[in-house]
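Colleague: I would like a close look at a single part of this model, followed by how that part sits within the rest of the chain. Please take it residue by residue.

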Amino acid sequence: MGVKILRCSSLPDDLLRHLSTSAASISMAAPRGAAADAGGGRMLDRDEKCDAETPTDKKYKVDNFPLSRWEFAAALGVFLVFSSGLLCIYLTMPAAEYEMLKLPRTLADLRLLKDHLTSYAQLYPAKFILGYCSTYIFMQTFMIPGTIFMSLLAGALFGVVKGLFLVVFNATAGASSCYFLSKLIGRPIVNWLWPEKLRYFQAEIAKRREKLLNYMLFLRVTPTLPNLFINLASPIVDVPFHIFFLATVVGLIPAAYITVRAGLALGDLESVKDLYDLKTLAVLFLIGSVLLIPTLLKRKRIYE
């Protein structure tokens, strides 16, 4: 496209030459500008795509979903395997009013479930125990809240001795399953949920390597750290499984005994918080302190 400059006698020659040069520059630059406008949409799309994939955005996505694809697939696979096994057990159970078979969330739900299952447990003891154990271990493995109600139910249905054995067995089996599941995919989850608590736990484990069993027993007996956190964090901080297993079997007995015994008087229990009053907590911490004595004596000899 050409630009014509009309010569006017009133304009100086220098000014006319300057206008002609500028017009030629504009005429030559116009096609490039038009081409840029025509391809502007594609360039903008590429820019937006680059902006959407900045390192900050990638980090944000990782921080909000800590598992990688294969870790999520592994967790989902394990969950499906456990769920399928539990469903098969459920379908092979003798006929019952299935609408009554649900996980209790309150003491009122637990009392109704206990009344419904009393005769069922007496008629089909082996199959009922199989279903009870499978449900308990499933809940413990995948950190589903409500195992305390299952412990109370064991005391209400089976008494102290048998109920205590069932609770300790199921809690240990479920905690062990959770240990190995966390060994597979637990590190990003624990780092995401409890970063400070994990660093504290790792430091405490490192200081007590020589008497680690005593320390793990102390944690199991006392409510210093939640059992859920201990199950998930132990493989991450390199607690050996045999120590984890022994501490779980022995350390859960006092709290399980308190819960199972409370299940005998389920009708008189007003709240789950009543299980661990100040007196009960004092007894648990006293037992835990006794378990720590070998560790304290060891440290004293080192200092001397």
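Modeller: In this predicted model, N231 belongs to helix α10, which covers residues 227-233. The relative accessibility of N231 is 2%, and because buried means under 20%, N231 counts as buried. Its contacts, apart from neighbours within four places in sequence, are Q140, A175, C178, Y179, S182, R220 and F244. One of these, R220, is listed among the buried residues of α9.

Helix α9 itself, residues 212-221, has 9 of its 10 residues buried, so it is largely enclosed by the rest of the structure. The buried residues of α9 are L212, N214, Y215, M216, L217, F218, L219, R220 and V221.

L181 gives a second view of this part. L181 sits in helix α7, which spans residues 147-193. The C-alpha atoms of L181 and L232 are 8.2 Å apart, although 51 residues separate the two along the chain. With a relative accessible area of 10%, L181 is buried, because the cut-off for that label is under 20%. Setting aside residues up to four places away in sequence, L181 touches V78, T141, F142 and G186.

Two loops come next. M143 is in the loop between α6 (125-141) and α7. The phi angle of M143 is positive, near 60°, and M143 is not a glycine. M143 is partly exposed, at a relative accessible area of 34%. D238 lies in the loop between α10 and α11 (241-251). D238 also has a positive phi, about 65°, without being a glycine. The relative accessible area of D238 is 54%, and D238 is exposed because that label applies over 50%.

Now to the surface patches. A nonpolar patch consists of F72, L76, F79 and L80, and together these residues have about 360 Å² of accessible area. L80, one of the four, is in helix α4, residues 69-91. L80 has a relative accessible area of 46% and is partly exposed. A negative patch on the surface is made up of D268, E270, D274 and D277. E270 is placed in the loop between α12 (253-264) and α13 (278-303). At 71% relative accessible area, E270 is exposed.

As for the chain that holds these parts, the protein has 13 helices and 0 strands. Its order along the sequence is therefore helix after helix, with α as every entry in the pattern. Of the 304 residues in the protein chain, 35% are buried. The chain exposes about 18600 Å², and carbon and sulfur atoms supply 65% of that area. Among contacts between residues at least 6 apart in sequence, 77% join residues at least 24 apart.

To return to the starting point, N231 in α10 is buried at 2% relative accessibility, whereas D238, in the loop between α10 and α11, is exposed at 54%.

Note on methods: Residues numbered from 1 in each chain as written. Predicted model: local features only at pLDDT ≥ 70, side-chain atom pairs only at ≥ 80, totals over all residues. Heavy atoms only, no water. Helix = DSSP H or I, 4+ residues; strand = E, 2+ residues; numbered from the N terminus. Buried < 20%, exposed > 50% of the residue type's maximum accessible area, 1.4 Å probe, protein only. Contact = heavy atoms within 4.5 Å. Patch = residues over 30% accessible without salt bridge, like charges linked within 9 Å, V, L, I, M, F, W, Y side chains within 5 Å. Areas by Shrake-Rupley, 256 points an atom, 1.4 Å probe, with all protein chains shown as cover. Salt bridge = Lys/Arg side-chain N within 4 Å of Asp/Glu carboxyl O. Lys, Arg positive; Asp, Glu negative; His and termini not counted. Charge placed at Lys NZ, Arg CZ, Asp CG, Glu CD.
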